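Student: I'd like to learn how to read a protein structure, one feature at a time. Can we look at one together?

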Amino acid sequence: MFVDVVETSRSGVREEASPARPQPPAPRQGWLDALRGLAALVVVFEHSLDALFPEVRAGAGQWFNFGQYGVLVFFLVSGYVVPVSLERRGSVGGFWINRVFRLYPLWFVAAAAGTVFGVEGVYATLPGQLADHPGISALAHLTMLQDLLQVVSVVNVFWTLSYEMVFYLLVTAMFVAGVHRAGATGMLAFAAAALTVGGLLPAGALSRGAGTAQVVGITAVVLLAAAASLACRGRLRVCGTAAAAVLALVLLGANSRIGAWQSLAILATMFAGTVLYRLDQGQPRRKTSGWALACVPVASIGAAWAFGPGWGMPGDQALAFTRGWSTAVAAAWVTFLAARLLRHRPMPRALVGLGLISYSVYLLHPLAVQVLRRLTADPGRFSLPERLAMAVLLLAVVLACSALTYRAVERPAQSLGRHLSRRARSISFAKGSLAKGSLATGSFATGSFATGPAGVRPPGRPPRRRRPRPWPSPAAVRPGRSTRPPG
């Protein structure tokens, strides 16, 4: 179990508290790594279809979307582990240090390579929006919210990181406010919103009305203010994290590139992962949470059939999208729940190992696919055995590059992040202990100000001791008076 990491301050604001002793790092769960590995493989397969297997796209792609299946599995895994990581550390600052060093170093490598590929025209040229407005585009990418700011991602898979970032902002605000265990409420709220009002909110309405540059600028300012508030305590921290969460919700509903209902369904899926973790720990009521969990895939599929894609599509493509999304949602849930039932059993070592480097696989494989698509402009020129050999070669190149970047970029950055996080945690713990000690020994505790404003007695000054007053002798006690000593 985790230490209760939220306490009530004197002002009534629930604040972060340091645990009595550091919690040991949680052991890796092989079934989650196996799910990551499987999801990464499926996403690579999805993005290689146009270059190698267009017949699969034309056939099975009309009924099942492999890419959406893969990212939904990723979202369920993130929802299962991310809030628990925050609670286990008990430090918002430490959590964000770890997240920054987990995501950004490899992200910079992929973004730089994607920019070079676009400028050089390896397969497609750099999108006009990025080339015409490089400053605004770069700022939007640095927030990792570019998909909710109506800015084209320089690497196509970056769009999912925008929803990861929204989830981080929301769970941080919930943690600081002391409502971090209300995952079921958030899950139901997003699911209900997706099914009811999701289709009424037009995609990109905020950027079209106020302008992309203005929305990006406001977003950057709010996020910087929220980051600065993490160094504070009390109401200032609550207000900073709440402002970032409100901004994330506004962007989610009024400025999503893929449409509001789908964005809300993704967040409901991530919070469902959190509720599944709570169930595994025996925290919420199993019967009530089970019904709430069932609402999420039902609402996600129902919204797709009620509203269709969030952007314009011809009728046949819209129908294929709806069918592909529906089957992907159902398959992702079945996969996750099946793996959860088998979580105490050994998992295939290949998938577990692939899960360790799945972030590298996910970010780097689009670059390898661009090279492949340039080489195979017309897949029909190659026989099926040749294309299968190309697929094996593609996977080998992606895995080799991913293993290299995991060792050279990811693992050193994660180690540095853990070191800085422990250091920040130690400093926060020392400050908290000093503040508690000062409060216990200072003027508020003793009723006098003899020990000074900081609760520390001046050096060389002996402690004052009150001499006990003697009991009066029986002869000195008048009739009717108590022999109890005064005071």
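Student: Which residues does aspartate 33 touch, not counting residues up to four places away in sequence?

Tutor: Keep in mind that this is a predicted model. Leaving out residues up to four places away in sequence, aspartate 33 touches Arg28, Leu351, Val352, Gly355 and Leu356. Aspartate 33 itself sits in helix H1.

Student: Is aspartate 33 buried or exposed?

Tutor: The general idea is a cut-off: a residue is called buried when its relative accessible area is under 20%. Aspartate 33 has a relative accessibility of 2%, so it counts as buried. Its side chain also has a polar contact, at 2.8 Å, with the side chain of arginine 36.

Student: Let's step back for a moment. How many helices and strands does the protein chain have?

Tutor: The secondary structure comes to 18 helices and 2 strands. The protein chain has 487 residues, and 46% of them are buried.

Student: And how much of the contact pattern joins residues far along the chain, say at least 24 apart?

Tutor: Take the contacts between residues at least 6 apart in sequence: 76% of those join residues at least 24 apart.

Student: Now a single helix. Which residues of helix H6 are buried?

Tutor: Helix H6 covers residues 134–142, and its buried residues are Ser137, Ala140 and His141. Those three span an arc of only 100° around the axis, so they lie on the same side of H6.

Student: What do the buried residues of H6 pack against?

Tutor: Three helices: H4 (92–120), H5 (128–132) and H10 (212–229).

Student: What follows H6, and what is the sign of its phi?

Tutor: Methionine 144 comes after H6, and its phi is positive, near 60°. The thing to look for is a positive phi in a residue other than glycine, and methionine 144 is such a case. Methionine 144 lies in the loop between H6 and H7. With 1% relative accessibility, methionine 144 counts as buried.

Student: What is the phi of glutamine 150?

Tutor: Near 60°, again a positive value in a residue other than glycine. Glutamine 150 belongs to the loop between H6 and H7. Its relative accessible area is 26%, so glutamine 150 is partly exposed.

Student: How do I read a distance between residues that are apart along the chain? What separates the C-alpha atoms of valine 166 and methionine 144?

Tutor: You set the gap in sequence beside the gap in space. Valine 166 and methionine 144 are 22 residues apart along the chain, and their C-alpha atoms are separated by 9.2 Å. Valine 166 is part of helix H7 (residues 159–177). It is buried, with a relative accessible area of 0%. Apart from residues up to four places away in sequence, valine 166 touches Leu145, Leu148, Ala248, Leu252 and Leu267.

Student: Can I try the next pair? What separates the C-alpha atoms of alanine 272 and alanine 294?

Tutor: Go ahead: that pair is also 22 residues apart along the chain, and the separation is 9.4 Å. Alanine 272 lies in helix H12 (residues 260–280), and at 0% relative accessibility it counts as buried.

Student: What about threonine 322: where does it lie, and what does it touch?

Tutor: Threonine 322 is in helix H14, which runs over residues 315–341. Not counting residues up to four places away in sequence, it touches Ala304, Trp305 and Gly308. Threonine 322 has a relative accessible area of 5%, so it is buried.

Student: Last topic: pockets. How much space lies in the second largest pocket?

Tutor: For a pocket, ask about its space first and then about its lining. The second largest pocket holds about 1400 Å³ of space. Its lining has 46 residues, and Glu46, His47, Arg57, Asn156 and Trp159 are the ones nearest its centre.

Student: Which elements give two or more residues to that lining?

Tutor: Helix H1 (30–52), helix H3 (66–89), H4, H14 and helix H16 (358–375). H16 provides the largest share of the lining, 6 residues.

Student: And what is the lining of the second largest pocket like by class?

Tutor: Sorted that way, the lining has 25 nonpolar, 15 polar and 6 charged residues.

Terms used: Residues numbered from 1 in each chain as written. Predicted model: local features only at pLDDT ≥ 70, side-chain atom pairs only at ≥ 80, totals over all residues. Heavy atoms only, no water. Buried < 20%, exposed > 50% of the residue type's maximum accessible area, 1.4 Å probe, protein only. Helix = DSSP H or I, 4+ residues; strand = E, 2+ residues; numbered from the N terminus. Arc of directions from axis to C-beta. Contact = heavy atoms within 4.5 Å. 1 Å grid on protein atoms, 1.4 Å probe; cavity = no way out; pocket = protein on both sides within 12 Å on 5 of 7 lines; lining within 4 Å. Points joined across faces, edges and corners; volume = space filled by probe spheres on them. Nonpolar A, V, L, I, M, F, W, Y, C, P; charged D, E, K, R; others polar. Polar contact = N/O pair within 3.5 Å; in protein donor to acceptor, adjacent residues only side chain to side chain.
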